[in-house]
Amino acid sequence: ELGPRHQETLRAAAGMAELDLAGGSPAAAVSRWRGVLASLPDAPSRERSEAALGLATALAASAENGEAARTFASLLELPDRQVARRAALELGVLTADQDTAVACRLVRGVVDERSRDLGAGHPDTLAAMASLARLLERDGDAAGARDLLRSVADGLRSALGAAHPRALAAQREFAGASERLGDEATALSATLSSAHAFRSSGRDREAMDAFIEAGRLARHQSMPESADRFRTEAWRLSRALQLPVDGPWLPRSRAKQRPGNGHWYQRVELPMTWTDADAACRALGGHLATIDSAEENRWVHGWFAQTSVCWLGARRGDDGLWHWVTGEPFTWTNWAEGEPSDTDGGEQYLNFGSSVLTFFRKADAWNDHRDTGDNSGWWLTHPLCEWEPPAVPPPPAPPSARAAELPRTLVREFGGHFYARINVDMSWDEAAAVCEALGGRLACVTSAEENDFVCRQFAADRFCWLGGTDAGHEGDWRWVSGEPWGYTSWAEGEPGNWDVAEHYLHTGQDAWNNTSSFFLRWNDTALEGDWAARIITSPICEWDHPPPLK
C-alpha cells in the first residue's frame, strides 16, 4: 500500500529483522537489514546508521565476523554518538579473540563516554562496564573483572530494583566471576540474594534453581547443614510449582546396586517430610527403603547414611504397630537405645543415619521421628529410595550434556598446558566425558612440579579426579592421554584397590577436612568416588591450547 521505500514499510522491515535475530535466525535478519539499507537514501541519516548497526549485529550473530567488524568500524566516527558508542561496544566484544587489549580500549572508551554523558549509574553505562569486565577476565585481570561486575550488580539494583531481570542477570554474572576466582563465600552470598529476589518477584522456578545452586556452593564451603536448608527451600518451591520429582533438576546421590538381592538404592539430596519422601520415591518408580537384616542395614547405612539422616519406609499405624510401606513383615529391627520413644506422641516415622552436626549420631541404629523431621533444623532428613528388580532408578541427565554451562574455576597455565576445575561433583567416567566435551581431557600429571601446581591450585579444598585408571587391567595404570606412566605420588598404602573396585585416580582433601592424607598425594578409588557417596569429587581438566570456555 505504501511502497517498499516508505518510512512505515522500512520500520516494519527493521522490526521483522530484530524478531528474526531474537528468534535464532540471524541469516534471515542479515537479508532483511540489507533490504532496508538498499531502500534508504545514501545520504547519512539516523535511520541509515541504525540499519547499519542492525546489519553488523546480525552479521556477528551469523559468524560473518570480518564484514561485521568493518561495518561496526564504519560507525565509530558518526556524529550520532549514541550509535557510535553502541558500535564501539559491539566491535570491542567481536574483536576480543584477535586483540583483547584493543578490545578493552574500545569498550573502556564507551564506558568513559557514557559515564560522562549519562552518569556512572545509568543502566547503559553499567551495561558497557559489564562488557568491559568480560574482556578484562579474558585479558587475565579476573580480580578487576569481578570488582567491576560487583559495581554493575550494585548499580543495576539501585537503578532498576533488586528483582529487575537485568539486575538479577548481573548478580548471577558477579557470582560466577567470584566462584571462578575461588571466592565461593561471595558467590554464595550473591546467589542467595538472587534466590530471595526471584522469590519475592514471583519467579519461583528461577528461585528454586538459585536455591539449588546455593546448596551446591554451601556444600563446597563445608556448610552441609546450610546446603540442606537451601535445598529444602528448593523442594518447597518445586511442590508449589507442581514439578515432577523425576525432573533433571532433582539432585540425587549416586545409585548403588546391592550385591545379593540386586536391589538399587539412591538418596534424594533434598530434605523433606516423610510423607513427601514417600511420594517422591513412588514417583521415581521405587519406594522408601525397607530393611530386613543386619547385613542389609550395615550396607545401606555405609553407602548412604554416614553423614546424612535418611527416611526409611516404615511408619506406626493406627493399630500402634510399625509397618513397612511394601507390606512385608516388620520383624527384624535395629532400634537405638531408648527408641522408639514417641516423644510428645508425634514420632510415627522411621529414620536413621548421622547428622553432620553433633546432635544426631546413632550410627546405623534406628530412631522414630515426627513427619517433618526435626523442627529446630538441626538434622534435616533425606529420602532413601529403593527399587526392586526389574525396576531401576531413572538416570539423571549426564553432566557432559551441559558441559559448557557447568561452574568452574579460572583457567590457569603451567608448562604450556591449561587447567581448570569443574566445580560439580561427579563420577570418574562422567568427569572424563565432561573434559572431552570441552575439548580437553582429565589432567594427566607426569612430574612433581605439575603435581604440586595441580594440587595447590585446584585440590586444596576438595577431592579431584585425575586422568589415571587401571580399569583395563588391575595394576596397569595408564593416563587417558596415552602419555607414559612414570612419575607417581601415591599416598602411604596406596593404591589399595579396596573391595577390588578402586580403579580410578583422585587427589586432594574433602571439604570438611576429615581426610587430608591425599593432599599432594594420590589415591585409587571407585568409579563414583568416595565410598560414603557424600564426598565431593570434581574433575580437573587439561588442554594443550587455551580452551573455549565461557
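## Helix H6 against helix H7

H6 and H7 cross in a left-handed sense. This comes from a predicted model. H6 covers residues 100-118, and its axis comes within 9 Å of the axis of H7. The two axes cross at roughly 160 degrees. That angle is over 145 degrees, so H6 is roughly antiparallel to H7.

Many side chains take part. From H6, the contact residues include Thr100, Ala103, Cys104, Val107, Arg108 and Val111. Towards the end of the list for H6 come Arg114, Ser115 and Leu118. H7 answers with residues including Asp124, Thr125, Ala128, Met129, Leu132, Leu135 and Arg138.

## Helix H7 against helix H9

H7 also packs on H9, which covers residues 165-180. Here the angle is about 20 degrees, and the axes lie 12 Å apart. An angle under 35 degrees counts as roughly parallel, so that is how H7 runs relative to H9. This crossing, too, is left-handed.

H7 contributes Pro123, Asp124, Ala127, Arg134 and Glu137 to the contact. H9 contributes Arg166, Glu173, Ala177 and Arg180. Asp124 of H7 appears in the H9 contact and also in the contact with H6.

## Two nonpolar cores

The largest nonpolar core holds 53 residues. Within that core, Trp33, Phe72, Leu132 and Val152 have the most contacts. H7, residues 123-138, supplies the largest share of this core, with 8 residues. In soluble globular proteins, nonpolar side chains tend to be buried together.

Leu132 links this core to the helix packing. Setting aside residues up to four places away in sequence, Leu132 touches Cys104, Val107, Arg108, Val111 and Leu148. Cys104, Val107, Arg108 and Val111 are among the H6 residues that meet H7. A second, separate core has 37 residues, including Leu237, Met272, Trp311 and Trp387.

## Tyr349 in strand E6

Tyr349 sits in strand E6, residues 349-354. Its relative accessible area is 10%, so Tyr349 is buried. Beyond neighbours within four places in sequence, Tyr349 contacts Trp274, Trp311, Ala314, Arg315 and Trp322, among others. A run of further partners includes Asn367, Asp368, His369, Arg370 and Asp371. Of these contacts, Trp311 is also a member of the second core.

One polar contact stands out for a closer look. The side chains of Tyr349 and Arg315 are joined at 3.4 Å. Thr372 lies 23 residues from Tyr349 along the chain, and their C-alpha atoms are separated by 9.5 Å.

## Buried sites in helices

Ser49 belongs to helix H3, residues 46-61. Why does Ser49 count as buried? Its relative accessibility is 10%, and the cut-off for buried is under 20%. Apart from neighbours within four places in sequence, Ser49 contacts Leu75, Leu78 and Val83.

Helix H14 spans residues 294-304, and 8 of its 11 residues are buried. H14 is therefore largely enclosed by the rest of the structure. The buried residues are Glu296, Asn297, Trp299, Val300, His301, Gly302, Trp303 and Phe304.

## The chain as a whole

The chain has 16 helices and 16 strands. Of its 550 residues, 51% count as buried. Along the principal axes, the C-alpha atoms fill a box of roughly 90 × 60 × 40 Å.

How many of the contacts between residues at least 6 apart in sequence join residues at least 24 apart? The share is 66%.

How values were computed. Residues are numbered from 1 along each chain as its sequence is written. This is a predicted model: local features need pLDDT of at least 70, side-chain atom pairs count only at pLDDT 80 or more; totals for chains, interfaces and linings use all residues. Side-chain values use heavy atoms; hydrogens and water are left out. Helices (H or I, at least four residues) and strands (E, at least two) are DSSP runs, numbered from the N terminus. Buried means under 20% relative accessible area, exposed over 50%, partly exposed in between (1.4 Å probe, protein chains only). Contact means heavy atoms within 4.5 Å. A polar contact is a pair of N or O atoms within 3.5 Å; within protein, one must be able to donate a hydrogen and the other to accept it, and residues adjacent in sequence count only if both atoms are side-chain atoms. A nonpolar core is a set of buried Ala, Val, Leu, Ile, Met, Phe, Trp, Tyr and Cys residues joined through side-chain atoms within 4.5 Å. Axes are lines fitted to C-alpha atoms, for helices over the stretch in contact, and angles run from 0 to 180 degrees between N-to-C directions. Angles under 35 degrees count as roughly parallel, over 145 as roughly antiparallel, 65 to 115 as roughly perpendicular and the rest as oblique. A crossing is left-handed if the near helix is turned anticlockwise from the far one by less than a right angle, and right-handed if clockwise.
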